[in-house]
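Hi there,

Here is the structure I promised to pass on to you. Have a look at it first, and then read my notes below.

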Amino acid sequence: MEIKLTNTMSREKEVFQPIKPNKVNIYTCGLTVYNYAHIGNLRAYVFSDILRRMFEYNGFKVNHVMNITDVGHLTDDQDSGEDKLEKGARREHKTVWEIAQYYTDEFIKDLNQLNIIIPEVMPKATDHISEMIELIKLIEKRGFTYSAGGNLYFDTTQLKDYGKLARLKLDAEKTRTRVEEDTYKKNPFDFVLWFTRYKYSSHSMLWDSPWGKGFPGWHVECSAMSSKYLGNHFDIHTGGIDHIPVHHTNEIAQSEVAFGHKWVNYWLHNDFLVIEDNQKMAKSKQNFLRLQTLIDRGFHPLDYRYFLLGAHYRKNLLFSFDNLQAAKNAVEKLRDWVMRLKKVEDEPDQTAYREYQQQFNREINDDLNTPRALSVLWEVLNHDQLSGGTKLSLLENFDQVLGLNLSTGKSEELPEQLKLLVGNRDEARNQKNFKLADQLRNEITRLGYQVIDSPEGTIVKKMK
Ligand code: AMP
Ligand code: ZN
């Protein structure tokens, strides 16, 4: 079945053509590990996970690489400020290596909790300094670099199509003011490939290089690591929309100069998770919400995953606890469905199964339309004529992409005593013995649980 994806390069929904049949190579810009991931960052990784799952669902063999940025990402994406890792180390009185290790582990914990399939390769920037140096040497050999003030820069004016991804209007934007202008740059868009000049004498991550002792620019790591693991020409590169004008623009410039040809076929970007007033969530702001913050407030990580799937990845998404609660309610309903469907033992109806499976496949192949894919799931569950077996098989099939762990049921197991009370209450209600049903409800409440009689059956929730 045809797969369509919106390519930021063309701004069009394109039919996906792999470089090698039935294989897809994907690179995702990973986290800068100087702090916890916020739930906005995690949107970017749920998105790349849905992408890989969609390909697997369509029979592709996926090779997914996601780097860990543990050096070179300065507090301003345009090469000014301080290395974020050094900043984290000073904040917490630890070494940069301790900071990187701690936040990498926390990040992987988040990925696991969100049921994100861990990418095949998760290379660390600091393990690939020699590859970066080799790449910079190639760029230098082609005459696209200059040294100034101790740093080695990429000269963007020599590249005819610089800025094509973001469609930068180079002349108009030349005049834009910067918070902290780098006076050594010949042109405003030039960027650092290798730093030997740094602000703080305590700076600890330094390596020898042909340009002096120092550290690499941020952009160069993604070009070096993606080409090492995926080759010099690969299918898909992903990231958040904030990476379009600087990071990805510069990755393209240096890679295409170094390799001498087109580098990536499809550029996919997720839009932002915002909180009220359309504010971008940022590690440096007060509005920093982690996955653990949601867990502490009584949500399951997969409630957040469901919440994200309810919006298309290319749409700005407003976060609120009310919206998350609605997602939680939906996930609980789904788990309840699974519990009830598992009790039914009938064979799936093959024709209906195939029809709905294809409908789901079409939606997910249409630029990862998760909101519509979820509607197909609900349509199946609410269908009066479909057998329980068909519903359950479809739900398990769809969950290969949705990744909500519906069938294995990660929801809290109810204590045995409670299960008995709920069963007895259902029985009493069936026999219209409402007095007994009410007594049993009171006992359930005393145990700290709430019973809700929904059209789909009894739902039991722990009270907060
Ligand atoms: P960083 O650690 O800053 O490199 O960010 C990691 C990933 O999160 C990148 O792909 C960013 O584009 C993405 N990102 C950052 N903030 C948000 C947000 N509020 N919503 C969605 N994605 C984001
Ligand atoms: Zn990157």
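How many helices and strands does the chain have? There are 15 helices and 15 strands. Keep in mind that this is a predicted model, so please read everything below as computed from that model.

**The overall picture**

The chain has 464 residues, and 56% of them count as buried. If you draw a box along the principal axes, the C-alpha atoms fill roughly 85 × 50 × 35 Å. The domain assignment splits the chain into domain 1 (4-270), domain 2 (284-408) and domain 3 (416-462). Between the C-alpha centres of domain 1 and domain 3 there are 54 Å. Now take the contacts between residues at least 6 apart in sequence: 74% of these join residues at least 24 apart.

**The cores**

A bit of background: in soluble globular proteins, nonpolar side chains tend to be buried together. In this model, the largest nonpolar core has 132 residues. Leu5, Phe55, Ile236, Tyr304, Phe319 and Phe398 have the most contacts inside this core. Helix 1 (residues 39-57) gives the largest share, with eleven residues. Both domain 1 (4-270) and domain 2 (284-408) supply at least three residues to this core.

Phe319 is a nice one to click on. Which residues does Phe319 contact, once you leave aside its neighbours within four places in sequence? They are Ile39, Leu273, Val274, Ile275, Leu289, Leu294, Tyr304, Phe307 and Leu324. Apart from the largest core lies another core, of eight residues, and Leu418, Leu421, Leu440 and Ile444 are among them.

**The zinc site**

Next, find the zinc ion (ligand 2). Which protein atoms are its donors? They are Cys29 (SG), Cys222 (SG), His247 (NE2) and Glu251 (OE), at 2.1 to 2.6 Å from the zinc ion. Along the chain, these donors follow the spacing C-x192-C-x24-H-x3-E. Two of them make a good pair to look at: Cys222 sits in helix 6 (residues 218-230) and Glu251 in helix 7 (residues 244-259), 29 residues apart, and the pair links distant parts of the chain. Cys222 and Glu251 are both buried. The angles among the four donor atoms run from 71 to 129°, and the site is irregular.

**Two places to look at strands**

Strands of a sheet pair through backbone hydrogen bonds, either parallel or antiparallel. You can find an open sheet of three strands in the order 12-11-13, with mixed pairing. Strand 12 (279-280) and strand 13 (317-318) stand at the edges with a single partner strand each, so one side of each has no neighbour in the sheet. Strand 11 (residues 273-275) pairs with strand 13 in the parallel sense, over two bridges. Within that pairing, Val274 stands opposite Leu318 in strand 13.

Then go to strand 7 (residues 191-195). Why is strand 7 described as largely enclosed by the rest of the structure? Because five of its five residues are buried. Strand 7 pairs with strand 6 (residues 151-154) in the antiparallel sense, over three bridges, and Phe191 in strand 7 is the bridge partner of Phe154. Strand 7 also pairs with strand 8 (residues 215-216), again in the antiparallel sense, over two bridges. There, Trp194 stands opposite Pro216 in strand 8.

**A few single residues**

Is Thr390 buried or exposed? Thr390 counts as buried because its relative accessibility is 0%. You will find Thr390 in helix 13 (residues 388-402). Not counting residues up to four places away in sequence, Thr390 touches Glu347, Pro348, Asp349, Ala352 and Tyr353.

Finally, two arginines. Most residues other than glycine have a negative phi. Arg11 is not a glycine, yet its phi is positive, at about 60°. Arg11 lies in the loop between strand 1 (4-7) and strand 2 (12-15), and with 39% relative accessibility Arg11 counts as partly exposed. Arg167 also is not a glycine and has a positive phi, of about 55°. Look for Arg167 in the loop between strand 6 and helix 5 (170-174). Arg167 is partly exposed too, with a relative accessible area of 46%.

Have fun looking around!

Methods:
Residues numbered from 1 in each chain as written. Chains lettered and ligands numbered in written order. Predicted model: local features only at pLDDT ≥ 70, side-chain atom pairs only at ≥ 80, totals over all residues. Heavy atoms only, no water. Core = buried A, V, L, I, M, F, W, Y, C linked by side-chain atoms within 4.5 Å. Buried < 20%, exposed > 50% of the residue type's maximum accessible area, 1.4 Å probe, protein only. Helix = DSSP H or I, 4+ residues; strand = E, 2+ residues; numbered from the N terminus. Domains from an automatic or database assignment. Contact = heavy atoms within 4.5 Å. Donors = N, O, S within 2.8 Å, 3.2 Å for Na, K, Ca; no water. Tetrahedral: all angles 85-135°; square planar, octahedral: opposite > 155°, others 65-115°. Pairing = 2+ DSSP bridges.
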